[in-house]
Amino acid sequence: MNVTSDQGEMIRFLDEQTLEVNLPNKLGYERIAMDCTASFARIVGFVPERISDLKTAVAEACLNAMEHGNRGRSDARVIVSMNFDGQTFSVSVMDEGEGIVELPEDPDIEKKIERLEPPRGLGIFLIRRLMDHVEFNKLSDQGNMLRMVLKMSRSH
Amino acid sequence: MQQNEIRIEQRDSVTVLEIQGDITVFSEPFLNEAYTCASNQGAVKILLQFDGNAYINSGGIALLIQLLAKARTRDQEVAITGLSAHFKKIFHMVGITKFAKIYDTLQEALQKMS
Ligand SMILES: Nc1ncnc2c1ncn2[C@@H]1O[C@H](COP(=O)(O)OP(=O)(O)OP(=O)(O)O)[C@@H](O)[C@H]1O
Ligand SMILES: [Mg+2]
């Protein structure tokens, strides 16, 4: 079953193990990708703690795709594709931008509180800390892609 | 558009901001208004009570960091309660806990803060 929007199918199975969510470039709509990923991960047996990690990582990747990759353009799309192969759960988030120019350093909370660095710059740090493996700036048919992986072995 | 309802309640020396809803970039006007209101009432100890089901993202955490930065310049003590286990972990990772204590329950927070 596919859920459709005026842009065509918004959620569809590409095959039995691969689900794709096609989102409008609208802050807040990352929740749809979060919930789909969470449902899929729950079905294949991940524990709630890891599903929460996954939701935050997916949210941050989608927000970056909307804000930085697609630069807030309302006609752009964010495509989130997820796959489980029995061992690893991988999520790819694609946008229409050029990728990350320079990977940020880890945030320094002391500096942020002293206002010596901006309060932002947390998303990539969180994605890296929460996921087992992350790849940036991959090329895909749809443009720039971030791919992240959660492994089943680590106590699900 | 996402909204937050924030109730301000004085519990002895502690000003409790009971925050309903998700904490994202859209929370900015609501959070700022509540904080300003509490500060204008002379709040010295501020407890942020979140909704345990809230979705909090980097945009929301940035707002909290800004609030903590302001509170520090005014010598206000800020603490947090009502977080899910997941967001407790996230707040630890980011280092928020260095500047705001996290309590498991409202009762514990009120007891330890006063
Ligand atoms: N999909 C993307 N395309 C292009 N640049 C990106 C993308 N994702 C991240 N970036 C760049 O990497 C920087 C760091 O991203 P990160 O998510 O860590 O912080 P942020 O988005 O600036 O702030 P926050 O996530 O805390 O709201 C961004 O400011 C942006 O310059
Ligand atoms: Mg970000």
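Buried means under 20% relative accessible area, exposed means over 50%, and partly exposed is in between (1.4 Å probe, protein chains only). Keep that in your pocket: of the 114 residues of chain B, 53% count as buried.

This is a predicted model, where local features need pLDDT of at least 70, side-chain atom pairs count only at pLDDT 80 or more, and totals for chains, interfaces and linings use all residues. Residues are numbered from 1 along each chain as its sequence is written, chains are lettered from A and ligands numbered from 1 in the order in which they are written, and side-chain values use heavy atoms, with hydrogens and water left out.

**Exercise 1. Sketch chain A**

Work out which elements chain A has and in what order they run.

Solution. Start by counting: chain A has 4 helices and 7 strands. Here helices (H or I, at least four residues) and strands (E, at least two) are DSSP runs, numbered from the N terminus. Next, read along from the N terminus, and you get β-β-β-α-α-β-β-α-α-β-β. Now for the overall build: chain A's radius of gyration is 16 Å, close to the 15 Å from the globule rule for 156 residues, so chain A is as compact as a globular protein of that length. (The radius is taken over C-alpha atoms, and the rule is 2.2 Å times the number of residues to the power 0.38.) The C-alpha trace of chain A spans about 50 × 40 × 25 Å along its principal axes. Finally, buried residues make up 49% of the 156 residues in chain A.

**Exercise 2. Do the same for chain B**

Find how many helices and strands there are in chain B.

Solution. Count first: chain B holds 4 helices and 5 strands. Then trace the order from the N terminus, which is β-β-α-β-α-β-α-β-α. For chain B the radius of gyration is 13 Å, close to the globule rule's 13 Å for 114 residues, so this chain is as compact as a globular protein of that length. Its C-alpha trace spans about 30 × 25 × 25 Å along the principal axes. Last step, contacts (heavy atoms within 4.5 Å): among those in chain B between residues at least 6 apart in sequence, 68% join residues at least 24 apart.

**Exercise 3. Look at the charges**

How far apart do the centres of the positive and negative side chains lie in chain A, and how far in chain B?

Solution. Sort the side chains: Lys and Arg count as positive and Asp and Glu as negative, while His and the chain ends are not counted. Each charge is placed at NZ of Lys, CZ of Arg, CG of Asp or CD of Glu. Chain A then has 19 positive and 26 negative side chains, with the two centres 2 Å apart. Chain B has 11 positive and 12 negative ones, and there the centres lie 8 Å apart.

**Exercise 4. Put the chains together**

Describe the contact between chain A and chain B.

Solution. Begin with the residues: 27 come from chain B and 25 from chain A. Then take the buried area (the accessible area, with a 1.4 Å probe, that two parts lose on being put together, summed over both). Between the two chains it is about 2200 Å², and carbon and sulfur atoms give 66% of that. On the chain B side, Y55(B), I65(B) and M93(B) lose the most area to chain A, together 26% of what that side buries.

**Exercise 5. Zoom in on T24(B)**

Is T24(B) buried or exposed, and which residues is T24(B) in contact with?

Solution. Locate it: T24(B) sits in the loop between strand 2 (14-20) and helix 1 (28-40) of chain B. Check its cover: at 4% relative accessibility, T24(B) counts as buried. Now list the contacts, leaving aside neighbours within four places in sequence: R31(A), Q2(B), Y55(B), N57(B), G59(B), G60(B) and L63(B).

**Exercise 6. Spot the odd phi angles**

What sign does phi have at R71(A) and at D75(B)?

Solution. Recall the background first: most residues other than glycine have a negative phi. R71(A) is not a glycine, yet has a positive phi of about 45°. R71(A) lies in the loop between helix 2 and strand 4 of chain A and is exposed, with a relative accessible area of 66%. D75(B), also not a glycine, has a positive phi of about 55°. Its place is the loop between helix 2 (58-73) and strand 4 (77-81) of chain B, and D75(B) is exposed at 68% relative accessible area.
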